[in-house]
Amino acid sequence: MARLRRGDLPPRLAGATPGPRSRRLSRTLARFEAPGINTLPPGSGPTLVWEEALGANVLDVDGNRYVDLTGGFGVAALGHRPPAVVAAVRRQAGLLVHGLGDVHAHPLRARLAARLARLAPVDEAQVYFAISGADAVEIALKSALLATGRRRLVAFTPAYHGLTLGALSVTARDVFRKPFAHRLAPDVEHLPHGCPPATLAARLAAGPPVAAVVVEPIVGREGILVPPAGWLAAVAAACREHGALLVADEILTAFGRTGARFAVDHDRVRPDLLCCGKALAGGLPLAAVVGRREVLAAWDRGGEALHTATFVAHPLACAAALAALPRLTSSRLLARVGRLGAAVAARLAGWPERFPAVAAVRGKGLLWGIELRDGATAELAVAAARDRGVLWLAGGPEGRVAQIIPPLTIAARQLAAALDRLEEALAAAGPSPA
Ligand SMILES: Cc1ncc(COP(=O)(O)O)c(C=O)c1O
């Protein structure tokens, strides 16, 4: 029985976080779910177990109510359980829950492909549906390799593009790569994100030709890094000059997160291939590559689909995306992100001065990173925030960058209340001011 009646409320704790039911369920998970996949690394304590979520609120199984500044990894851009999405999924569940992937289609899939192709900043666009962000990155990389006949790829560090073997080849962090180093694509070179465009151009000019340059327009999970204005446009120009395709990984940034419909819009860049996911289907698993027709034509080889999946273009996810997109792409939502983002920027600007725990803050729109002094401080700050009813996560090198990625629809008062709690958490994470 649903207990959250609205999603715009401040935190309210009923007891410990995690409480007794969360602890009990954590023990069951630790016993029956493989280690590593969930939130229970060996030696760590119990996790929070979510029962319900609505808007920007999450309710755990012990009745603690949180404000979600993780936005469910950026998925809940319209908040959790957006009514239009829930209604569309219910409707579709009464008609067709599962189709026949790459063999037979369904009407919503055609409508969604047309809609995505029209709205993405890609010339002569077509769509290749994917199951997850990493799957979309696989498709983009394979598209580039097929279309150019080249083998080399350039990516940046830091970067997170997913953890399947292909996507992992362009993901930068060693902790993910090392155990599989011998299986990763050998022809990938990483350059510093935001490096001088001339460095990239020189790399593209030297050695065997490069199939694609893969870039997060704003680095997300790996530490929220915003490159200088114009950098992405210079990357695009270098790609054009050397015949390399530009792959923009907008799995996190697409659909308003940074204050523009797509993050590439800030630099007026039109990539050859653009990956989107997360927010796309309002909480259902769906991702897509929007690519230039000429590039995606490389898949047309007759016979077997060369990249597909049983659940591709799942009817429930397509229904959810069609319900989410009008709002996700509305100018009203973008204006809202602009207003709230400016308020967040103004408030966070004083944090490095006020809190010795904070080394730097950076971000754009409603995507912010708070770089803490070290990983241990970040862990303390995340736990202290949870104990005050605010969910946020830390990522980046040594887990030092705590991230504010709220629903774009979060109420202004609710966001302000959550930031109050974060300030208390940062003070608690110390050290005390000298
Ligand atoms: C920029 C970016 N690319 C790719 C991915 C991988 O997406 P998924 O976890 O859906 O495979 C993520 C996930 O956080 C991401 O932020």
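In the predicted model, Val247 has Leu273 in strand S9 as its bridge partner. This bridge belongs to the pairing of strand S8 (residues 245-249) with S9, which run in the parallel sense and are joined over three bridges. S9 also pairs with strand S10 (residues 287-292), here in the antiparallel sense and over four bridges. Within that second pairing, Leu274 of S9 is matched with Val290 in S10. The side chains of S9 (residues 273-276) point in two directions: Leu273 and Cys275 point one way, while Leu274 and Cys276 point the other way. All four of these residues are buried. Leu273 is thus the bridge partner of Val247, and Leu274 that of Val290.

A further set of strands forms an open sheet. The sheet has four strands in the order S1-S2-S3-S13, and the pairing is mixed. Strand S1 (50-54) and strand S13 (390-391) stand at the edges; each has a single partner strand, so one side of each is left without a neighbour in the sheet. Strand S2 (residues 57-60) and strand S3 (residues 65-68) run antiparallel and are joined by three bridges. In this pairing, Val58 has Tyr66 in S3 as its bridge partner.

Helix packing was examined next. Two packed helices are described by the angle between their axes and the distance between the axes. For helix H3 (residues 83-93) and helix H11 (residues 315-328), the axes come within 8 Å and cross at roughly 145°. The crossing of H3 with H11 is right-handed. On the H3 side, the contact is made by Ala84, Val85, Ala88, Val89, Arg91, Gln92 and Ala93. These residues meet Pro315, Leu316, Ala319, Ala320, Leu322, Ala323 and Ala324 in H11. By class, the contact comprises 12 nonpolar residues, one polar residue and one charged residue.

The surroundings of the ligand were also described. The ligand is surrounded by 15 residues, and the closest are Ser132, Gly133, Ala134, Gly162 and Ile251. Helix H5 (residues 133-148) gives the most to this shell, with three residues. Sorted by class, the shell around the ligand holds six nonpolar, six polar and three charged residues.

Methods. Residues numbered from 1 in each chain as written. Predicted model: local features only at pLDDT ≥ 70, side-chain atom pairs only at ≥ 80, totals over all residues. Pairing = 2+ DSSP bridges. Near = placed C-beta within 6 Å. Nonpolar A, V, L, I, M, F, W, Y, C, P; charged D, E, K, R; others polar. Axes fitted to C-alpha atoms, helices over the stretch in contact; angles between N-to-C directions. Left-handed = near helix turned anticlockwise from the far one by under 90°. Contact = placed C-beta atoms within 7 Å. Buried ≥ 20, exposed ≤ 12 C-beta atoms within 10 Å, placed from the backbone.
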